[in-house]
Amino acid sequence: MQRTKIIETEVSTGATAGAATSIGSATCVRVHNNTGSIVTVGVSTIVGAATTNYFTMPANSVEFLEKLPTDVIWTSSSIKAAKVGFTN
């Protein structure tokens, strides 16, 4: 059975492209939309970049995001994110 390994403490995501963060240079991020609304998640190669890729998260949901350690994340509303890994 695969389990989630917490590597760093959960943090709040930046709510603008200019506040994007790499979440501790994570390659795997657990993103928790703890709000009652849909949130847009942006992933980019640099802070404030116009070449951001987006996906939406339903309210009160969790996703695991794989990215490069230098990629940054930001969200349309502040939600929770943690650097994680997987273990058996």
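In this predicted model, R30 is partly exposed, with a relative accessible area of 23%, and its side chain takes part in a salt bridge with E10, where the closest N and O atoms are 3.6 Å apart. Side chains of opposite charge can pair when their charged atoms come close. The partner, E10, is partly exposed as well, with a relative accessible area of 36%. A search of the whole structure finds one salt bridge, and the pair links distant parts of the chain, since R30 belongs to strand β3 (residues 28–33) while E10 sits in the loop between β1 (3–6) and β2 (11–12), 20 residues apart.

From here we can turn to a sheet. Strands of a sheet pair through backbone hydrogen bonds, either parallel or antiparallel. In this model, an open sheet of three strands follows the order β5-β4-β7, and the pairing is antiparallel. Strands β5 (53–57) and β7 (72–75) stand at the edges, each with a single partner strand, so one side of each is left without a neighbour in the sheet. Neighbouring strands of this sheet are turned by 25 degrees against each other on average, if direction is ignored.

How is β4 joined to β5 and to β7? Strand β4 (residues 39–44) is connected to β5 by five bridges, and four bridges join β4 to β7. A single residue of the sheet, V43, lets the reader follow both pairings, because V43 stands opposite N53 in β5 and also opposite I73 in β7. Five of the six residues of β4 are buried, so this strand is largely enclosed by the rest of the structure.

The next step is to look at the nonpolar residues. In soluble globular proteins, nonpolar side chains tend to be buried together. The largest nonpolar core of this model has 12 residues, among them V39, V41 and V43, together with I73, I79 and A81. The elements that give two or more residues to this core are β3 and β4, and the largest share, three residues, comes from β4. One member of the core, I73, can be followed further: leaving aside residues up to four places away in sequence, I73 touches A20, T21, I23, V29, V41, G42, V43, L65 and K67.

A last group of contacts surrounds T13, which lies in the loop between β2 and β3. Is T13 buried or exposed? With a relative accessible area of 5%, T13 is buried, because a residue under 20% counts as buried. Not counting residues up to four places away in sequence, T13 touches T75, S77, S78, I79 and A81, and a polar contact of 2.5 Å joins the side chains of T13 and T75.

Another of these neighbours, S78, lies in the loop between β7 and β8 (80–87), and at 38% relative accessibility S78 counts as partly exposed. Although T13 and S78 are 65 residues apart along the chain, their C-alpha atoms are separated by 5.1 Å, and the backbone oxygen of T13 lies 3.1 Å from a polar atom of the side chain of S78. Beyond its neighbours within four places in sequence, S78 is in contact with S12, T13, A15 and T35.

Definitions and conventions
Residues are numbered from 1 along each chain as its sequence is written. This is a predicted model: local features need pLDDT of at least 70, side-chain atom pairs count only at pLDDT 80 or more; totals for chains, interfaces and linings use all residues. Side-chain values use heavy atoms; hydrogens and water are left out. Two strands pair if DSSP finds at least two bridges between them. Axes are lines fitted to C-alpha atoms, for helices over the stretch in contact, and angles run from 0 to 180 degrees between N-to-C directions. A salt bridge is a side-chain nitrogen of Lys or Arg within 4 Å of a carboxyl oxygen of Asp or Glu. Buried means under 20% relative accessible area, exposed over 50%, partly exposed in between (1.4 Å probe, protein chains only). A polar contact is a pair of N or O atoms within 3.5 Å; within protein, one must be able to donate a hydrogen and the other to accept it, and residues adjacent in sequence count only if both atoms are side-chain atoms. Contact means heavy atoms within 4.5 Å. A nonpolar core is a set of buried Ala, Val, Leu, Ile, Met, Phe, Trp, Tyr and Cys residues joined through side-chain atoms within 4.5 Å.
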